[in-house]
Amino acid sequence: NAPTEGLVRNYPTITVDGGTPGLITLSAASGRILDFPGGRNLTVKNLTFIYGVGSASNCTTQDCDSGGAVRNLGSMTVINCSFSGNAVSIAALSSATVGGGALFAGNGLTVINSTFSGNSATGGAGGAIYFQAAGARIINSTFFNNVSQKVVSAGGSSKGGYGGAISGIGGLTVSGSHFAGNSADVDGGAVKTYGSLNAQATVVVANSSFFSNSALRAGGGLH
């Protein structure tokens, strides 16, 4: 781990390639699997990620407990990967719009031919993915049974519960992808996006399906 939350860190451009899809599985009983808090140009290919956990211990920044399997504050490309059973539980310090049960991308994200199942964000957004800054592209990928859950304080205030599969700030393009059985406690059963400070988010969806996704307040599919 690096020091306890990742395998590799300090290189500007990194490719982690498992070779044959499905051959190599990366798992973590506790803690994150890959962690790049300084921000890298990261490509992840042909790997399975299971049971990664975004740790809230010693959390001093808004993103430090985001990205259960992979956190990268730079750009990220994910190709032919599977993410299952990864989770984050957002600390009190963090904003309700930070999360990503499987992935947190700080400066642009592209996902191609990948599957996300059974990932979760508690007290945050994006049961599978949370992105910031440069937006995200999702191509030929599948999302099922991911969940974003809100938490309620003793005083009655709540946070989280947005975007059962995907949430983020900025533009989002989805093509050839499928969303089923994802859920959010508040808005966006499958997808919830936010505009930046000075602009609304643009969302483009093409040749994709949404089936049996749900949100308790608004946007069972998209919000």
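**Figure 1. Tyr 162 and Tyr 194 are both buried in this predicted model.** The rings of Tyr 162 and Tyr 194 form an edge-to-face aromatic pair, with 6.4 Å centre to centre and 65 degrees between the planes. Tyr 162 belongs to the loop between strand E19 (158-160) and E20, whereas Tyr 194 belongs to strand E24, so the pair ties together parts that are 32 residues apart in sequence. Lys 192 is placed over the face of Tyr 194, at 5.0 Å from the ring centre.

**Figure 2. Phe 83 and Phe 116 form a stacked aromatic pair.** The centres of the two rings are 4.8 Å apart, and the planes enclose an angle of 5 degrees. Because Phe 83 is located in strand E9 (residues 82-84) and Phe 116 in strand E13 (residues 115-117), the pair ties together parts that are 33 residues apart in sequence. Phe 83 and Phe 116 are both buried.

**Figure 3. Ring pairs link six phenylalanines into a cluster.** The members of this cluster are Phe 49, Phe 83, Phe 116, Phe 143, Phe 179 and Phe 210. In the structure as a whole, there are seven aromatic pairs.

**Figure 4. Six strands form an open sheet with parallel pairing.** The order of the strands across the sheet is E3-E7-E11-E15-E20-E24. Strand E3 (34-36) and strand E24 (191-194) occupy the edges; each has a single partner strand, so one side of each is left without a neighbour in the sheet. On average, and with direction ignored, neighbouring strands of this sheet are turned by 5 degrees against each other.

**Figure 5. Strands E15 and E20 run parallel and are joined by three bridges.** Strand E15 comprises residues 129-131, and strand E20 comprises residues 166-169. Tyr 130 stands opposite Ser 167 in E20.

**Figure 6. The setting of the close-up views is a protein with 27 strands and zero helices.** Of its 223 residues, 49% count as buried. Among contacts with a separation of 6 or more, 77% are accounted for by residues 24 or more positions apart. The accessible surface of the protein amounts to about 9,000 Å², and 52% of this surface belongs to carbon and sulfur atoms.

Conventions. Residues numbered from 1 in each chain as written. Predicted model: local features only at pLDDT ≥ 70, side-chain atom pairs only at ≥ 80, totals over all residues. Heavy atoms only, no water. Pairing = 2+ DSSP bridges. Helix = DSSP H or I, 4+ residues; strand = E, 2+ residues; numbered from the N terminus. Axes fitted to C-alpha atoms, helices over the stretch in contact; angles between N-to-C directions. Phe/Tyr/Trp six-rings, centres within 6.5 Å; stacked < 30°, edge-to-face > 60°. Buried < 20%, exposed > 50% of the residue type's maximum accessible area, 1.4 Å probe, protein only. Lys NZ or Arg CZ within 6 Å of the ring centre and 35° of its normal. Contact = heavy atoms within 4.5 Å. Areas by Shrake-Rupley, 256 points an atom, 1.4 Å probe, with all protein chains shown as cover.
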